[in-house]
Amino acid sequence: MITRQWWKESVVYQIYPRSFMDSNGDGIGDLQGIIQKLNYLKDLGVDVLWICPIYDSPNTDNGYDIRNYRAILNEFGTMHDFDELLVQAHQKGIRIIMDLVVNHTSDEHEWFVKSRMKEKNKYRDYYIWRDGKQGGPPNNWGSVFSGSAWKYDESVGQYYLHLFAEKQPDLNWENKEVRKEIYDMLTFWLDKGIDGFRMDVINYISKDQRFPDGVTSASQKYASGDPYTCNGPRIHEYIREMNDKVLCNYNIVTVGETPDVSPQEAINYVGEDRNELNMLFQFEHVGLGMDENGKWNDNPIPFQEFKSIMEKWQVELDGKGWNSLFLSNHDQPRQVSRFGNDGKYREQSAKLLATLLHTMQGTPFIYQGEEIGMTNVKFDSIDQYKDIETLNIYREFVDRNPMDKEKIMRFIYAKGRDNARTPMQWSADKKAGFTSGTPWIQVNPNYMEINVEKSLSDPNSILNYYKALIKLRHEYPTVVYGRYVPLLQDSNSVFCYLRCLEEQTLFVILNFSENSVTVESPPEVLCVPCKRILSNLQDKQNEYILERINLSPYEADIYILL
Ligand code: NOJ
């Protein structure tokens, strides 16, 4: 039995603060900028904001490398600004969840500064130090951001583990004192009145203490440490402890970022009776198309595989645990560019993707700019890119083969994280209305065409369609709690399902192709009287569903059966 909870009925909006709104002209988005846009967010109708890290950080990985968990990064403002944001958001009925990054800290965090001191002290054991092997690192694990996952430190005379950048050493969760420090820090933020956490790579905090080598293919120098770091031996013990000691005392929501989980494993994290997390981000659908270069390719999304993954998660979690719904975030390309069509059918396909995300079971997450159909960007030169992952992979490709330059640029256009990080396009004014200064990363040149101001004034805009979808979720408990029933599973262009709760049934049909398509009505809806309650086509009126359903390119329709 699925219990009713406010966070299941919510729509979350993700803010990447650096790129959202700059209030003071330094080219970097900030907390006062978010405050300025609260009315916009209220009008959009979202219930919760997830704010990416705003803590003090040297910004090697844009805030995912925290130097001080209890301080706000100067560029973003002060703790006073944060308190003001929280009060003002709450006054408008908007909740705020913070990003929690506790798999690693920055190497400039005082714990690590002390940990690497020559003179051994209690902080040495706050991180993961090991002796090298045969003149090299302790094992062959690679870092997510290229190169070895180990870095030798002269003064300690050992290697420390960093699953991400060198400047992001992994914390040693085996150490009780580390866990205690983290729980105290959680309490600090929760006592301020925040409404929960999105937990960065939380299923990586427990490592197999044997640190064995991973398996490499012939062309690989480094192996993935995932079999030994992801969903590790003590992971559930740690999360349960965090819940028992802190989380269960507050009316909050927690969402775990958990790469590499199956639905079965997911239920262990978010099962209603598990007392661990409320929901999670799984990545199976956004991970589609991986090849020998991992995510670095421009392979198209295989529609049927995509559909069956989405369906699998719907069906397997139903009644057992709660999921989140997303197609993009600050690490992913723009969803309309990847899963839709950012050319001729940009508006239509952006609305179709939004329909999918708002009508499945789970809590929808809107990534900033998605509501106006922002697209990927193609900067001419690698020098215009800022993201550490992108810059490292570019170097890796080019070092391997200078002829690969063009190829890797193509892949960066398709997959680079900066696609999602160009400034929010507020208006057709200079710098898209994001800043009066020079933005930290260039604005997507299509801002004259794609911006909030224009979208607000067009009743048929993507933005107004999002508002209608959010309203629908708030009005129909069936959209939130209804059972998901897949239909037309064999279709290679149509995504179609029912949502059923008590006496009410909704029917959703989405044409994921740029062609007009006609399908036979599934028997469940054939000739059943119904009313279309939302569509991304304006001119169609239906009172019952006929034997055949004709769909225009990227058409999306939601019906209620009468
Ligand atoms: C996942 C975050 O979403 C990403 O932006 C970051 O680089 C890594 N975790 C490391 O913290």
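A polar side-chain atom of His104 lies 2.9 Å from an oxygen atom of the ligand, in a model that is predicted. Two further contacts of this kind involve acidic side chains: Asp61 places a polar side-chain atom 2.5 Å from a ligand oxygen, and an N or O atom in the side chain of Asp200 is 2.7 Å from an oxygen atom of the ligand. The ligand taken alone exposes 300 Å², of which the protein buries 97%.

The residues around the ligand include these three together with Tyr64, Phe145, Phe164, Arg198, Glu257, His330, Asp331, Arg417 and Arg421. Sorted by class, this shell comprises seven charged, three nonpolar and two polar residues.

Attention now turns to enclosed space. Rolling a probe the size of a water molecule over the atoms shows where empty space is left. Six cavities of 30 Å³ or more are counted in the model. The largest cavity holds about 70 Å³. Its lining consists of Gln282, His285, Met310, Trp313, Gln314, Asn323, Ser324, Leu325, Phe326 and Met360. Helix α9 (303–317) and strand β12 (322–325) are the elements that contribute two or more residues to this lining. Five of the lining residues are nonpolar and five are polar, with no charged residue present.

The second largest cavity contains about 60 Å³ of space. Ser328, Arg334, Gln335, Val336, Ala350, Glu370, Gly373, Met374 and Tyr466 form its lining. Here the classes are four nonpolar, three polar and two charged residues.

How values were computed. Residues numbered from 1 in each chain as written. Predicted model: local features only at pLDDT ≥ 70, side-chain atom pairs only at ≥ 80, totals over all residues. Heavy atoms only, no water. 1 Å grid on protein atoms, 1.4 Å probe; cavity = no way out; pocket = protein on both sides within 12 Å on 5 of 7 lines; lining within 4 Å. Points joined across faces, edges and corners; volume = space filled by probe spheres on them. Helix = DSSP H or I, 4+ residues; strand = E, 2+ residues; numbered from the N terminus. Nonpolar A, V, L, I, M, F, W, Y, C, P; charged D, E, K, R; others polar. Near = heavy atom within 4 Å. Polar contact = N/O pair within 3.5 Å; in protein donor to acceptor, adjacent residues only side chain to side chain. Areas by Shrake-Rupley, 256 points an atom, 1.4 Å probe, with all protein chains shown as cover.
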